[in-house]
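Please open the structure in the viewer and keep the sequence panel visible. The tour proceeds by selection, with a short account of what is found at each stop.

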Amino acid sequence: MSLTIRRLSMAAGAEISGIDLKRPLNADVVQEVKQALGTYGILLFRNADLNPAEHVAFSGQFGPLESHVVGEFNLPDHPEVFVVSNVRENGKLKGAVYAGQYWHSDLSYMKKPSLGSLLLCHEMPEIGGDTMWANMYLAYDTLSDTMKNFLGCLKAVHDYSHAYDTYFAHLKERPPLTPEQRAKTPPVEQPMIRTHPETGRKALYVNPGFTKGIVGMPKEESQPILDFLFRHSTRPEFIYRHRWDVHDMMFWDNRCTMHYALADYDFSVRRHMHRTTVAGDVPY
C-alpha cells in the first residue's frame, strides 16, 4: 500500500491517495495519515463511496468516536454518524440544516474537544455549498511577539449555546438547545494559544462560533481583542476553500484549524453529508 500526499494549497490541506478506504490500514499507514493531518490540517480522500458502517470503521482507526450532543440527527443504527442535511423526508429534516455556517472549531466547547472530524459528501448542489478552512498555525505565527506573549497566559470561555444565541437565534429549523443539552455542554475555559500534541506547533485557539469572552476581562475589554483575532485568523492567505464532489471525504484537525460551511447555494437543492468525530484530549 503506497500512500501519496499532494498539497492542495499554500494555506492548508493535502489530498491523500493510494489507500483502500474500505480495508483496515496497517499501523504505519495510520501513523502517516496522522502525521499528515497534523502537518496540513486538512486531508482530502476522493472517491470515498462508503456506507455508514464503513465510514465508522475507517474513522475509528484514528481514535475513539463521539456522538453529537444533538442526538436527533445521529443515525439510529450508527449514532457515531451525525447527519448534516437540508433534505426533508415526509416533511421532516433528515439532518442538521444550516450546520457550520459560521467560523468554528468542532467541540471547542467541551473539556476535551475533538481531535478531528471526517465529513463525507453524499449529495451536493452543482453550484455553491463549499467549505472553507482557516490554518490556525499561520494565524498564530503571524501575530506580533508582543501579542503572542500577551495571549499565551490567557484563557477564553467557549460555550456551545453561544452559536444558538447568535447565529441560530432567528432560524426556526434550529430550535434552542434543550435544558438537557445545555447541561451536557456547560461553558469551559480553554487556552487561547494551543500546542498541538503531535507536531508541537502552537496555534491560535479561538473561534467566533463558540468563543464568547476572555477569562478575567469584562466584555468591553475582551470583545475588541476577540474581534481582532477573528479577523486576523480569517485572512485570505490563511484559508483553503474546497469545492465538494460527491464521495469526497475531508478529515480535518480541530486542534489547528477552524472551518465555515458556505450558504451560497439554492436550499431547494439537496445537500446531504455524514460526519464522524474523533475524540481528542485536553488543550494545553
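Select Tyr-98 in this predicted model. Is Tyr-98 buried or exposed? Its relative accessible area is 19%, and because buried means under 20%, Tyr-98 counts as buried. Tyr-98 sits in the loop that runs between β7 (92-93) and β8 (116-123). Its backbone also deserves attention: phi of Tyr-98 is near 65°, a positive value in a residue other than glycine.

Keep Tyr-98 displayed and turn to the empty space beside it. Tyr-98 is one of the residues that line the second largest cavity. To show more of this lining, add Val-84, Ser-85, Asn-86, Ala-96, Val-97 and Ala-99, which are among its members. Then add Gln-101, Ala-261, Leu-262, Tyr-265 and Arg-271, which also belong to the lining. The volume of the second largest cavity is about 70 Å³. Its lining is made up of eight nonpolar residues, three polar and one charged.

Proceed next to the largest cavity. How many cavities of 30 Å³ or more does the model contain? The count comes to four. The largest cavity holds about 280 Å³ of space, and 24 residues line it. Select Ala-99, Gly-100, His-104, Asp-106 and Arg-275, which are the lining residues closest to its centre. Then colour β5 (82-85), β9 (131-135), β17 and β18 (272-278), the elements that each give two or more residues to this lining. By residue class, the lining of the largest cavity comprises 15 nonpolar, five polar and four charged residues.

The next stop is Arg-255. Select the loop between β16 (249-253) and β17 (257-261), where Arg-255 is found. Is this residue, Arg-255, buried or exposed? Arg-255 counts as buried because its relative accessibility is 4%, below the 20% limit. Which side chains make polar contacts with the side chain of Arg-255? One contact is with the side chain of Asp-253, at 2.9 Å; another is with the side chain of His-196, at 3.4 Å. Leaving aside residues up to four places away in sequence, Arg-255 touches Leu-37, Ser-114, Leu-115, Arg-194, His-196, Pro-197, Glu-198 and Ala-203.

Now select two cysteines. Cys-256 is buried, with a relative accessible area of 1%. Cys-121 is likewise buried, at 0% relative accessibility. How many disulfides does the structure hold? The number is zero.

Move on to His-247, which lies in the loop between β15 (239-242) and β16. Although His-247 is not a glycine, it has a positive phi of about 75°. At 24% relative accessibility, His-247 counts as partly exposed.

The tour ends at Val-282, in the segment after β18. Val-282 is partly exposed, with a relative accessible area of 47%. Which residues does Val-282 touch, not counting those up to four places away in sequence? They are Lys-111 and Lys-112. Finally, select Pro-76 together with Val-282 and display the distance between their C-alpha atoms: the two residues are 206 residues apart along the chain, and these atoms are separated by 29 Å.

Key
Residues numbered from 1 in each chain as written. Predicted model: local features only at pLDDT ≥ 70, side-chain atom pairs only at ≥ 80, totals over all residues. Heavy atoms only, no water. Helix = DSSP H or I, 4+ residues; strand = E, 2+ residues; numbered from the N terminus. Buried < 20%, exposed > 50% of the residue type's maximum accessible area, 1.4 Å probe, protein only. Polar contact = N/O pair within 3.5 Å; in protein donor to acceptor, adjacent residues only side chain to side chain. Contact = heavy atoms within 4.5 Å. Disulfide = S-S within 2.5 Å. 1 Å grid on protein atoms, 1.4 Å probe; cavity = no way out; pocket = protein on both sides within 12 Å on 5 of 7 lines; lining within 4 Å. Points joined across faces, edges and corners; volume = space filled by probe spheres on them. Nonpolar A, V, L, I, M, F, W, Y, C, P; charged D, E, K, R; others polar.
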